[in-house]
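The following exercises concern a helix, a chain interface and the nonpolar cores of one structure. Please work through each task before reading its solution.

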Amino acid sequence: MLSRVNTCGLMGIDGYLVSVETYISNGIPAFEIVGLGDAAVKEAKERVRAAIKNSGFEFPSRRITINLAPADLKKEGTSYDLPMAAGILAAMGIVPGGVLSDSVLLGELSLDGTIRPVYGVLPKALTAKEKGFKTVYAPSENAREASVVKGINVIPVRNLYELVMHLRGEIVLKAADSTCNVFSFDDGENQPDFADVKGQEHVKRALEVAAAGGHNLIMIGSPGSGKTMLARRMPSILPDLTFEEALEITKIYSVAGLLPSDSSLVTRRPFRAPHHTISPVSLVGGGRVPRPGEVSLAHLGVLFLDELPEFGKNALEVLRQPLEDGFVHISRINASITYPCRTTLIAAANPCRCGFYLDETRECTCTPQEVRTYLGKLSGPLLDRIDIQVDVPTVRYSDLERETVSESSADIRKRVNVARNTQRKRFARTGIYCNAQMTSPMVRKYCRLGKAESELLREAFTSIGLTARSHDKILKVARTIADLEGSENISTVHISEAIQYRVLDRNLYR
Amino acid sequence: MNPELKEWIWFANLKGIAARKKAELLRIFDSPSEIYKADAVELARTGLLSRENINAILSAEFRKAVDRTIEEIDRNHIEVIPLNSSDYPEILKNIHDPPICLYVKGKLYADEPAVAVVGSRRASGYGISQAKRISAELAGYGICIISGMARGIDTAAHIGALSANGRTVAIMGCGLDIVYPPENRKLMEQIIETGAVVSEYPPGTEPAPHHFPVRNRIVSGMAVGVLVVEAGEKSGSLITAQLALEQGRDVYALPGNVVNVNSRGTNRLIQDGAKLVTSAEDILDELCWFNTKNISYPDKYRSGKTAGFELGSEEKDVLELLHYESLNIDEIKSRLSIGLPILHSILLSLEMKGLIKREPGGRYRIAD
């Protein structure tokens, strides 16, 4: 009267194998679930009982003990419902023993026996495949997501009765088509495109440089100058998404429960724009039941922080380490979890609280003190992670009317792809993949300057008042500009442009 | 301190009596010491004073308080110039409500040609650079620049005059022991060195909002003309211009961009008949000092200021374009059809040579 069914739990964005052991013994009727389940797991009792009865099977009025092994890891969520029900039916002999030994079951039960979708199916299916299982039984809404995994059979199931009949060999459920071969990067017919933005050519150029080198960027300008519009188009010029990257993004979204049902891979780079009232935890992830935060949801895409000075001090503070490391580490007493977050940060800020400081047509209502302190809030460590700082001037109406054709995102992306390839070759076997990630020794190695270039940089520091912390950033950005041009050496033109991207350093706003 | 000066200070600080009434009292009684000695009947006979006024004049408490004020004056090394002093600016005596006493740090001359330069506290880069330029030009001709040391244009005017090694006088709206606005502490020290800071308020007086319009009458009163560099529609500078007209002073205004809020007040002044001024000479023409004082034109303001630098043809194009108006990089790009990367380096190079200046918001203009 003992059975064993396999399923998976989640740790960060990776799955781990959980074995659901069911023992039915004589004794006073009872139903116990052990193995550190949370409230959702405890409540599964009622769902499992009702689902089994309503699917036309008998629920044993005996002592039922279910153990979720390994029993010392916390189990969360409702995806244990289906394996537990299957385990009871197997222990009773309704489902033949042995047929489940090479399968993994995932799914939430509804009281009438219908199987409902769960989150985290993709990482769990990946784990199942790694551990050598042959079949995954998944809720039909999650089947396309699971079928991304190559080399494992994904069988969508709609209800408990259907599953039992299939396992007994009375009907045959069809496996889902594998979707891993049909992946294609969504180049975004309906995505916002840079061709829609008139004017602001130099900001577009700065965004192109940011995309090409993986640099973080901040835009400073009055409300209505188009900062948000420009930022929204940033994902469209980031390099083409590879299958591995898409898989990684999909895993995060799957774990966060944000994957639309019946979808397979995420094929676009994410764009996340949290409001400035966001809490530190929802920004970087965590919580009692750890969930990826906005910075992880923007993994391999763009995290857009509009009105950066309005964000809570703590929220900005916790962002520093993840931006630097490319992952978020959440420690709990019994486990620690890592979420990746290699994201491009695009920030926007008004020049003052009301936004109209130095605007030509509208009056600023801030006091000089307020103007001085507003951007001053951004000083220090967070700005240290932002390589490019640009002004976004107000667009004049005449510019909007002018019939100029702006470059499309696809054209810009072509150049970005080329520059990224150059960088990938340069940094092969160094553990990094773009210019923004260079450490100081790497900057010295890869950003060598000629005599004229060093001279220019030295002069710029003294004559226009740059701060020392901008030195490496100028070199990194200059390296990217040279890469965009396909140039081996960094020239004075590249250095000059990079220097122009350091507006905040120059105290123009104070 | 001589007793007479003490009585002047006492009289100047009497509360509740308007400056205009005090001036009339002085005409009746000749000097504050006469008022000090006068009894209630004599005071009442003037027909100028209310019961409260008379009580204030006779108050023993008030007379004692003067000693404390004098201590403060001595401690802060402040000079007191009463209305009858030979150091009191002649031109200021002619307004109908001259300050009874001036508290001064620095040196004040009785007859010095002076022009007031005033404007918005929230000035644009254009306003600040023009205020500096014209103040420096005027100072170069030996004209003293009067202003209020407020933020924005006032500060720029003082800095401009100091940069040309000229004289400048700041009129404060608070006691001279207080620096307001606080960020101008250093500027105040520099002004005291070569010019003067002046106030009609005794030390210890906080900068209250109602002091500033009152202070403005001294700004215009000490000058032969008032130049308004930038003013919004409801700017305090327009009050100064109004006071200047009442005092019979000339009003000049610097024209600005018609859509710019900071120039609406000055453009309106021009419409109302103020003289449009683009350089110091425009003011000198009006004052007819041009031929009497032949001080050489400062070198720095010569138009051929690219001298000493080898400029490329594109650099020259950009410089020429910026001579007409300040532009952002996209505007320069669309007019000259230079690619952004090259344009970035041209602008940086011009900026490093000190020929142009980058303003917050990404605008470039010709450097002052």
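Two residues are in contact if their C-beta atoms, placed from the backbone, lie within 7 Å. The model under study is predicted.

**Exercise 1.** Determine which residues of α15(B) are buried, and establish what covers them.

*Solution.*
1. Helix α15 of chain B comprises twelve residues, 313-324. From first C-alpha to last it reaches 18 Å, close to the expected 16 Å.
2. Its buried residues are B:Glu315, B:Val318 and B:Leu322.
3. Viewed down the axis of α15(B), the buried residues lie within an arc of 65°, so they line one face of the helix.
4. On the face turned away from that buried side are the exposed residues B:Ser313, B:Lys316, B:Glu320, B:His323 and B:Tyr324.
5. The cover over the buried residues of α15(B) includes β10, α16, α17, β11 and β12 of chain B.

**Exercise 2.** Describe the side of chain B that touches chain A.

*Solution.*
1. Count the residues: 25 of chain B are in contact with 28 of chain A.
2. Assign them to elements: α16, α17 and β11 of chain B each give two or more residues. The most come from α17(B), with eight residues.
3. Sort this side of chain B by class: nine residues are nonpolar, eight polar and eight charged.

**Exercise 3.** Characterise the largest nonpolar core.

*Solution.*
1. This core has 152 residues; among those touching the most other members are A:Leu106, A:Val136 and A:Ala146.
2. Helix α2 of chain A (81-91) gives the most to the core, with eight residues.
3. Beyond its neighbours within four places in sequence, A:Val136 has contacts including A:Val104, A:Ala125 and A:Ile152.
4. A second, separate core of 80 residues includes B:Ala114 and B:Ala274.

Technical notes. Residues numbered from 1 in each chain as written. Chains lettered and ligands numbered in written order. Predicted model: local features only at pLDDT ≥ 70, side-chain atom pairs only at ≥ 80, totals over all residues. Helix = DSSP H or I, 4+ residues; strand = E, 2+ residues; numbered from the N terminus. Nonpolar A, V, L, I, M, F, W, Y, C, P; charged D, E, K, R; others polar. Expected span 1.5 Å × (residues − 1). Buried ≥ 20, exposed ≤ 12 C-beta atoms within 10 Å, placed from the backbone. Arc of directions from axis to C-beta. Core = buried A, V, L, I, M, F, W, Y, C linked by C-beta atoms within 7 Å.
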